[in-house]
Amino acid sequence: MTSPPGGSDEGGRVAQPQPLVCARCGIAAEAPQPTWVCSVENGSRQYFCDACSRESLRAIEGRLDSAWW
């Protein structure tokens, strides 16, 4: 019987979490941040810090007619 990848046959190795890096401003976070946004663009995940996410959302809202918001 075989084990799925990441099973107990891996010798007890645990993958180290990678620090998140904002795709826009480059700021890094060591732990998961609940206020960050994850976006899948062209098949790859990109993370955006809360400040960049807020700025982007405001720019989008600014281009909408007032009836939309």
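Trainee: Trp 68 lies in the segment after helix H1 (50-63). What makes H1 a helix?

Mentor: DSSP runs decide it: H or I over at least four residues for a helix, E over at least two for a strand, numbered from the N terminus. Residues 50-63 are listed as such a run, so they carry the name H1. Keep in mind that this is a predicted model: local features need pLDDT of at least 70, side-chain atom pairs count only at pLDDT 80 or more, and totals for chains, interfaces and linings use all residues. Residues are numbered from 1 along each chain as its sequence is written, and side-chain values use heavy atoms, with hydrogens and water left out.

Trainee: Which elements does the protein chain hold, and in what order?

Mentor: One helix and four strands. From the N terminus they run β-β-β-β-α.

Trainee: Why is Trp 68 called exposed or buried?

Mentor: Look at relative accessible area: under 20% is buried, over 50% is exposed, and partly exposed is in between (1.4 Å probe, protein chains only). Trp 68 has 69%, so it is exposed. By the buried cut-off, 13% of the 69 residues of the protein chain qualify.

Trainee: What makes a nonpolar patch around Trp 68?

Mentor: Patch residues need over 30% relative accessible area and no salt bridge; nonpolar side chains (Val, Leu, Ile, Met, Phe, Trp, Tyr) are joined within 5 Å, like charges within 9 Å. Ile 60, Leu 64 and Trp 68 make a patch of about 350 Å². The area comes from the Shrake-Rupley method with a 1.4 Å probe; for residues, only the protein chains shown count as cover. The accessible surface of the protein chain comes to about 6,000 Å², and 54% of that belongs to carbon and sulfur atoms.

Trainee: How do you know that S3 and S4 pair?

Mentor: DSSP must find at least two bridges between two strands. S3 (residues 37-41) and S4 (residues 44-48) have five, so they pass. Their sense is antiparallel. Ser 39 stands opposite Gln 46, and Val 40 has Arg 45 as its bridge partner.

Trainee: What is special in the turn of that hairpin?

Mentor: Two residues lie between the strands, and Asn 42 takes a positive phi near 55°.

Trainee: What does Ser 39 contact beyond its sequence neighbours?

Mentor: Contact means heavy atoms within 4.5 Å. Leaving aside neighbours within four places in sequence, Ser 39 is in contact with Ser 44, Arg 45, Gln 46 and Phe 48.

Trainee: Why is the link between Ser 39 and Glu 41 called a polar contact?

Mentor: The rule asks for a pair of N or O atoms within 3.5 Å; within protein, one must be able to donate a hydrogen and the other to accept it, and residues adjacent in sequence count only if both atoms are side-chain atoms. The side chains of Ser 39 and Glu 41 are joined at 3.0 Å, so the distance fits.

Trainee: Why is Gln 46 buried or partly exposed?

Mentor: Its relative accessible area is 25%, so it is partly exposed. Gln 46 sits in strand S4. Cys 22 is 24 residues from Gln 46 in sequence, yet their C-alpha atoms are 7.5 Å apart.

Trainee: Where is Val 37, and what does it touch?

Mentor: Val 37 is in strand S3. Not counting residues up to four places away, it touches Gln 46, Tyr 47, Phe 48 and Ser 53. Val 37 has 38% relative accessible area, so it is partly exposed.

Trainee: Why is Ser 53 called buried or exposed?

Mentor: Its value is 17%, so Ser 53 is buried. This residue lies in helix H1. Its side chain reaches the backbone oxygen of Cys 49 at 2.8 Å.

Trainee: How many salt bridges are there in the whole structure, and what makes the pair of Glu 55 and Arg 24 count?

Mentor: The search finds one. A side-chain nitrogen of Lys or Arg must be within 4 Å of a carboxyl oxygen of Asp or Glu. Glu 55 and Arg 24 meet at 3.1 Å, N to O, so they qualify. Glu 55 lies in helix H1 and Arg 24 in the loop between strand S1 (20-21) and strand S2 (28-29), so the pair ties together parts 31 residues apart in sequence. Glu 55 is partly exposed at 46%, and Arg 24 is partly exposed at 47%.
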